[in-house]
Amino acid sequence: MASLNQTFVVTPRTGPARTPVTERVRDFAEIYADFSPVAGKAQSSRCAQCGVPFCQTGCPLQNNIPDWLRLAAEGRAAEAWRQSEATSTMPEICGRICPQDRLCEGACTLEQSGWETVTIGSVERWLGDMAFENGWVEPVRPRVERGQSVGVVGAGPAGMAAADRLRSAGYAVTVYDRHDRAGGLLMYGIPGFKLEKPVVQRRLDRLAEGGVAFRLGVDIGGSGASDLTFAEVRAAHDAVLVATGVYQARRLTAPGCGSTGVIAALDYLVASNRKGLGDAVPAFDSGALDAAGKRVVVIGGGDTAMDCVRTAVRQGAASVTCLYRRDRENMPGSAREVSNAEEEGVVFEWLAAPRAVLGGADRVTGVRGQRMALAAQSADGRWSVAPVPGGEFDLAADLVIEALGFEPEDMPGLFAEPDLALTDWRTIRTAGHTKATTLEGVFAAGDIVRGASLVVWAVRDGQDAAAEIDAWLSSRQRAAA
């Protein structure tokens with residue numbers, strides 16, 4: 001009898017259940033439920049098992065998507081999970097936060113033919129959650145201890161992915177992070193309604209139980225009593241991976257942007273996540289980083305901007321407006337997140353750019369915007385914009401959140417390593433398609449190399465860096481034998 005995946009697709013696309021809008025805006029719980037086994041199998045069966053799996057080429061991790069969809073459709077969920085985790089160190093996390101509409105699902109043959117994409121991300125999440133619930137997630141148990149150690153600077157997705165692969169290969173791994181919890185952006189940057197923190201913590205717990213050491217509250221290059229120099233980290237390990245991410249916020253340069261009430265997106269999101277984790281957050285309690293009762297304007301169009309607008313809604317903002325200089329079709333954020341935000345009451349001002357922040361130094365009262373028009377399209381498809389004459393308008397605001405993206409810190413200065421080469425964009429330069437920096441035995445991965453990007457790319461880079469470090473250390477060990 002033919003497999004369900006080898007017949008014409010007749011099952012309509014149905015996503016997982018979502019919490020109703022009136023309920024979901026009251027808290028920070030994830031809004032999507034997992035599939036039931038019946039629904040998961042049915043949606044997996046929609047995969048047409050294409051001869052050329054464009055979904056796989058559209059995935060930064062090159063996940064074996066058709067294989068695990070087929071296994072899930074056949075009721076072989078544990079085997080499907082094994083296929084899923086073979087190429088990804090955190091599939092249940094990527095299943096939650098990847099912009100699948102721009103990656104695997106956007107490349108799906110069914111999507112391109114007008115029959116709606118397979119719900120790849122939701123199936124991936126369902127398999128991952130089921131794996132943890134049923135004990136299919138195996139502990140990290142190296143077959144042999146290698147007798148060499150690797151230091152990982154940064155406990156975000158790239159660092160976590162690398163630590164997983166390196167420890168599994170038998171290396172002693174120590175992860176350093178300036179925060180008091182590991183997880184980086186996954187823990188402190190992404191709100192709970194997209195990624196609940198126990199989902200991240202169970203991954204971290206698995207690493208710790210497998211022997212990965214976490215040294216938290218340690219700022220490499222910082223001046224605190226518990227901080228270390230980069231030279232000390234290098235001296236303590238046979239190889240070092242820099243996976244710090246990029247967290248220096250781009251700031252507005254418009255008049256009035258230094259006023260009280262103009263805040264950086266990451267400061268806002270970190271405060272909200274810390275509050276949700278039960279931490280004392282004075283800047284939140286004082287109202288400086290709390291949107292409750294305020295008219296909020298978020299400037300930017302990426303996923304960070306969507307995180308901010310949806311967080312402000314949940315904090316009880318009086319109104320939430322997103323100001324973006326291009327149109328909806330050219331917005332870099334996930335279309336799914338834009339739709340969720342609109343459902344939750346966020347107002348979008350498309351083709352609108354900030355010209356000035358209104359009010360005095362001690363209080364913001366509004367934002368003066370400028371209507372824009374698409375002007376010309378570049379070779380990469382990106383449209384430039386131009387001001388519309390006479391197109392100024394004012395928005396009332398008590399809180400203005402800048403979600404304009406992130407840039408790298410001064411890594412050579414921070415690490416006191418002037419020979420650490422950078423690109424023209426101040427990211428760490430690596431040799432060709434490798435992860436090797438200009439410092440011997442020092443590798444780099446994730447956003448600190450490629451610039452602010454997606455979590456899935458950080459995972460891919462971390463896994464690739466681990467393989468490269470393994471090869472480099474093995475060659476040195478052979479040469480010394």
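Two strands count as paired here if DSSP finds at least two bridges between them. β4 and β15 share 3 bridges, so they pass that cut-off. Everything in these views comes from a predicted model.

**View A. The β4–β15 pairing, up close.** β4 and β15 pair in the parallel sense. One spot to zoom in on is Val242, which sits opposite Ala444 of β15. Which way do the side chains of β4 point? Ala239 and Leu241 go one way, Val240 and Val242 go the other, and all of them are buried. That fits the usual picture: in a regular strand, side chains alternate between the two faces of the sheet.

**View B. The open sheet that holds β4.** Zooming out a little, 5 strands line up as β3-β2-β1-β4-β15, with parallel pairing, to make an open sheet. Its edges are β3 (213-216) and β15 (442-444), each with a pairing on one side only. From one strand to the next, the twist averages 20 degrees. On the β1 side of β4, 4 bridges tie β1 (residues 149-153) to β4 (residues 239-242), again running parallel. Val152 is the residue facing Leu241 of β4 there. As a reminder, strands of a sheet pair through backbone hydrogen bonds, either parallel or antiparallel.

**View C. β13 and its two partners, β6 and β7.** Put strand β13 (residues 399-402) in the middle of the frame. β6 (residues 262-264) pairs with β13 in the parallel sense over 3 bridges, and Ile263 stands across from Ile401 of β13. β7 (residues 295-299) is also parallel to β13, with 4 bridges, and Val296 has Leu399 as its bridge partner in β13. Are the residues of β13 buried or exposed? Leu399 and Ile401 point one way and Val400 and Glu402 the other way, yet all are buried, the charged Glu402 included.

**View D. The second largest pocket.** This pocket has a volume of about 640 Å³. It is lined by 28 residues, and those closest to its centre are Arg13, Tyr32, Glu105, Ser122 and Arg336. What is the lining made of, by residue class? The split is 5 nonpolar, 10 polar and 13 charged. Helices α6 (91-97), α7 (104-107), α9 (120-133) and α17 (335-343) each chip in at least two lining residues. The top contributor is α17, with 4 residues.

**View E. Helix α9, one of the helices in the pocket lining.** α9 gives at least two residues to the lining of the second largest pocket. Its 14 residues reach 20 Å from first C-alpha to last, close to the 20 Å expected at 1.5 Å a residue. The helix is mostly covered, with 11 of the 14 residues buried. Among them are Ile120, Val123, Trp126, Leu127 and Met130, along with the charged Glu124, Arg125 and Asp129. After the helix comes Gly135, with a positive phi near 75 degrees.

**View F. Helix α12, another helix followed by a glycine.** α12 (residues 197-209) has 13 residues and reaches 18 Å from its first C-alpha to its last, close to the 18 Å expected at 1.5 Å a residue. Which of its residues are buried? They are Lys197, Val199, Val200, Arg203, Leu204, Arg206 and Leu207. Following α12 is Gly211, whose phi is positive too, near 110 degrees.

How values were computed
Residues are numbered from 1 along each chain as its sequence is written. This is a predicted model: local features need pLDDT of at least 70, side-chain atom pairs count only at pLDDT 80 or more; totals for chains, interfaces and linings use all residues. Side-chain values use heavy atoms; hydrogens and water are left out. On a 1 Å grid over the protein atoms alone, a cavity is a set of points where a 1.4 Å probe fits but cannot get out, and a pocket is an open set with protein on both sides within 12 Å along at least five of seven lines; lining residues have an atom within 4 Å of a point. Grid points are joined across faces, edges and corners, and a volume is the space filled by probe spheres set on the points. The expected span of a helix is 1.5 Å times one less than its number of residues. Buried means under 20% relative accessible area, exposed over 50%, partly exposed in between (1.4 Å probe, protein chains only). Axes are lines fitted to C-alpha atoms, for helices over the stretch in contact, and angles run from 0 to 180 degrees between N-to-C directions.
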